Amino acid sequence: MRLRCGGPRTYTPLDGGSRKVCVNSIADGAADLAAAWSRRQLAIYLAWSETVARYRRSTLGPIWLVLGTAVGVVGMGFIWSILLNQDMQSFIPSITVGLVVWQFISGVVTESPGMFVKNATMLVNIRMPVYLITFQAFGRHFINLLHNLVVVLAVFIIFPHYNSWASLAALPGLVIVSINLVAIMQLVGIIGARFRDLEPLVLAFFPILFFLSPVIYRPGQLGAAEAIMTFNPITHYIRVIRDPLLGVIPSLESYLIVLAMTGVTVLLSIWMTGSRAYRLPYWM
Amino acid sequence: MARMKLEGVGVAYPVYNAASQSLRKQIVSISTGGRVSAAKGHVATVLALDDINLDLKDGDRIGLVGHNGSGKTTLLRTMAGIFRPTRGRMLVEGRVSTVFGLGAGMDPELTGYENVTRMAMLLGATQKEAESSVPGIEEFTELGQFLAMPVRTYSAGMTTRLLFAVATAVHPEILLVDEVLGAGDAAFQEKARQRMTEFVARASIFVLASHAPDLMRQFCTRMIKLEHGKIVSDEPIIPDPPQDEKAAVAPIKEQTA
């Protein structure tokens with residue numbers, strides 16, 4: 001049985017009030033999240049079939065994605081290692097992981113403001129948890145990331161001296177960053193559906209963050225400008241994933257910042273979902 | 001045991017134009033305090049449904065009629081739980097299934113089979129249920145080997161066959177339909193009508209929004225007329241006595257004109 005009502009905090013169940021489904025926005029949002037999680041099989045199927053559909057008509061299919069990353073890594077790796085006078089042995093693994101993680105984060109963030117608008121036909125015709133749309137969109141980016149790991153693997157086979165058990169510390173980093181990105185997607189998605197200027201705004205300004213993130217540079221190379229990089233949260237997202245792979249233990253500061261960002265965005269996204277997401281169909 | 005109860009349900013939604021939907025306007029309104037709030041008042045609000053009271057129980061067969069824009073689709077979407085009422089109270093018991101906005105979630109690059117799984121799962125089926133509905137869909141659509149081809153290669157009629165088959169594959173307790181029996185050739189029309197009859201017979205509560213009087217008389221026992229989001233009449237449909245045909249058809253024709 002499902003109960004619905006005229007907005008948060010106004011639930012008055014008709015059957016005597018034994019089942020108060022939504023008490024407030026947080027409970028509402030958490031219920032949506034739980035419903036989406038129980039249907040994650042569908043999100044995975046949607047993400048996977050969309051990925052397959054995209055490559056079905058090309059001969060090389062998914063190889064194009066991997067090839068694109070490989071070309072970027074080789075090209076940028078060579079040019080920047082010469083420009084910055086860097087040793088290729090240590091520079092190429094660093095820029096490879098940095099680029100792959102950057103592409104992942106950038107893909108997720110730039111898609112989010114237009115995500116719900118793009119899925120408008122689903123939103124106005126099918127009753128579904130709002131988080132489910134975020135899950136499937138995030139799923140596509142995660143599948144892309146898995147493709148790109150092939151490039152990372154290849155680079156680490158060519159430059160093998162970093163491999164150690166400590167590299168496994170990259171996994172919890174990836175998990176926290178992923179949870180954070182799902183929350184950001186949901187949050188930015190809802191705001192972007194209401195305020196349509198957000199999408200061009202993000203598209204225009206997000207790429208600047210690339211130069212404020214330690215993808216090409218490495219800590220210690222920016223001198224006085226280093227402080228700016230520290231304030232860019234993406235710096236820390238990259239560090240908690242990349243550093244273990246390069247044999248460095250990420251700083252406690254990076255972990256704390258990523259954890260704090262995750263906690264805040266998850267709570268905000270749940271609250272936003274509970275208090276605003278039911279209006280999404282009206283905004284389409 | 002299915003039930004759907006609406007008490008004083010209203011749906012009002014703001015229609016944002018570029019000015020009110022943009023971030024700039026919101027930022028300006030913050031920086032200039034109360035003055036721009038007058039401009040914010042210019043956001044037009046559409047009252048799509050107003051004070052709807054309904055109590056539907058097992059066996060109810062409702063036909064929704066009314067002019068374009070009278071609120072039929074909004075009412076169906078509210079019943080389906082897509083729109084949350086901005087006023088009133090609502091109770092829904094039973095698995096709701098909708099046959100409208102066919103094609104939501106369809107990807108033309110994927111094959112018929114893959115789209116069956118996608119759309120059936122979107123409508124609430126598990127992957128297993130979706131896969132087990134395939135033989136029935138193969139038989140009903142008669143698309144044969146085309147089911148293994150991308151949907152973009154289908155004609156409009158073939159796509160309709162597929163969409164209709166998927167939408168009617170899972171048997172719901174509460175069935176909400178926005179007129180669908182439009183496309184397809186004559187043979188398919190007949191087949192679709194048969195499947196629809198079976199489908200409706202199994203549902204506990206059935207609501208159909210349509211402009212077609214003959215569909216109304218075939219499937220519904222009660223006719224509710226909407227005007228400007230309000231219920232203006234609610235009366236039983238007399239099931240088609242031949243000598244009385246003119247009288248039964250006339251009031252419906254009036255609304256569809």
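**Exercise 1. A pair of helices in chain A**

Task: Work out which hand the crossing of α4(A) and α7(A) has, and how the two helices meet.

Solution: Start with the hand: α4(A) and α7(A) cross in a right-handed way. Keep in mind as you look that this model is predicted. Next, find the helices: α4 of chain A covers residues 88-118, and α7 of chain A covers residues 170-194. Their axes come within 7 Å, at a crossing angle of roughly 35°. Now look for the residues that meet. From α4(A) they include I105(A), V109(A) and F116(A), and from α7(A) they include L181(A), M185(A) and V188(A). Finally, sort the contact by class: 13 residues are nonpolar, four are polar and none is charged.

**Exercise 2. Chain A as a whole**

Task: Find how many helices and strands chain A has, and what share of its residues is buried.

Solution: Count the elements, and you get 13 helices and one strand. Reading along the sequence, the strand is followed by the helices. Then turn to burial: of the 284 residues in chain A, 38% count as buried.

**Exercise 3. Two domains in chain B**

Task: Describe the side of domain 1 of chain B that touches domain 2 of chain B.

Solution: First place the domains: domain 1 of chain B takes in 3-94 + 208-256, and domain 2 takes in 99-203. Their contact uses 13 residues from domain 1 and nine residues from domain 2. On the domain 1 side, α4 (72-79), β7 (205-209) and α10 (213-219) of chain B each give at least two residues. The largest share, three residues, belongs to α4(B). By class, this side holds nine nonpolar, four polar and no charged residues.

How values were computed
Residues numbered from 1 in each chain as written. Chains lettered and ligands numbered in written order. Predicted model: local features only at pLDDT ≥ 70, side-chain atom pairs only at ≥ 80, totals over all residues. Helix = DSSP H or I, 4+ residues; strand = E, 2+ residues; numbered from the N terminus. Buried ≥ 20, exposed ≤ 12 C-beta atoms within 10 Å, placed from the backbone. Domains from an automatic or database assignment. Contact = placed C-beta atoms within 7 Å. Nonpolar A, V, L, I, M, F, W, Y, C, P; charged D, E, K, R; others polar. Axes fitted to C-alpha atoms, helices over the stretch in contact; angles between N-to-C directions. Left-handed = near helix turned anticlockwise from the far one by under 90°.
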